[in-house]
Amino acid sequence: MPRKELGNWGEGLACDFLKRHGFEIVERNYHTTFGEIDIIAVKSGDYYFIEVKTRQGSEFANDWSVTNSKKRKMNQTVRAYCFKQNINGDSIVLASLILFVNRVRKTVSFRFCVFC
């Protein structure tokens, strides 16, 4: 599966995962000049800004797949979104959701990681 297709498929699974865990999806693929947020979701009054990474093969892929550079871009994008939507900074969570696809077992596992 081409990388872009895999990413889109993974984001769809990520949304399903989040909904099953009580999140409401507010927006997908939010773009600014600073960068993109894959999923913006709300749970218990908190806004979650989530970077989704879909990995095939080994579960040894880890949380480092979201680099410091990506975190800085996310932070700028989140600030722009919150300013535009008038969202208080006390209710913001930056996170990643890593999907591990095991093609042999035909399974997907999820790892939800909060940055702050």
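In this predicted model, Arg 28 has a relative accessibility of 38% and therefore counts as partly exposed, since the partly exposed class lies between 20% and 50%. The side chain of Arg 28 meets that of Glu 11 in a salt bridge, with an N to O distance of 3.7 Å. The two residues are 17 positions apart and belong to distant parts of the chain, Arg 28 to strand 1 and Glu 11 to helix 1 (residues 3-20). Glu 11 has a relative accessible area of 7% and is buried, because this value falls under 20%. The salt bridge thus pairs a partly exposed arginine with a buried glutamate.

Strand 1 belongs to an open sheet of five strands, arranged in the order 1-2-3-4-5 with mixed pairing. Strand 1 (24-31) and strand 5 (107-114) are the edge strands; each has a single partner strand, so one side of each has no neighbour in the sheet. From one strand to the next, the twist averages 30°. Strands of a sheet pair through backbone hydrogen bonds, in either a parallel or an antiparallel sense. Within this sheet, the pairing of strand 2 (residues 36-43) with strand 3 (residues 46-56) is antiparallel and comprises five bridges. Ala 41 is placed opposite Tyr 48 of strand 3.

Helix 2 (residues 68-85) lies across strand 1, strand 2, strand 3 and strand 4 (92-102). Relative to strand 3, the helix runs at about 145°.

A salt bridge also connects helix 2 with strand 3: Glu 51 is in strand 3 and Lys 70 is in helix 2, and the pair, 19 residues apart, links distant parts of the chain. The closest N and O atoms of Glu 51 and Lys 70 are 3.4 Å apart. Glu 51 has a relative accessible area of 5% and is buried. Lys 70, at 19% relative accessibility, also counts as buried, because the cut-off for this class is under 20%. Salt bridges with shared partners join Glu 51, Lys 53 and Lys 70 into one network. In the salt bridge between Glu 51 and Lys 53, the closest N and O atoms are 3.5 Å apart, and both of these residues are buried.

In total, the structure holds three salt bridges. Among them, the contact of Arg 28 with Glu 11 links strand 1 to helix 1, and that of Glu 51 with Lys 70 links strand 3 to helix 2.

Terms used. Residues are numbered from 1 along each chain as its sequence is written. This is a predicted model: local features need pLDDT of at least 70, side-chain atom pairs count only at pLDDT 80 or more; totals for chains, interfaces and linings use all residues. Side-chain values use heavy atoms; hydrogens and water are left out. Two strands pair if DSSP finds at least two bridges between them. Helices (H or I, at least four residues) and strands (E, at least two) are DSSP runs, numbered from the N terminus. Axes are lines fitted to C-alpha atoms, for helices over the stretch in contact, and angles run from 0 to 180 degrees between N-to-C directions. Contact means heavy atoms within 4.5 Å. A salt bridge is a side-chain nitrogen of Lys or Arg within 4 Å of a carboxyl oxygen of Asp or Glu. Buried means under 20% relative accessible area, exposed over 50%, partly exposed in between (1.4 Å probe, protein chains only).
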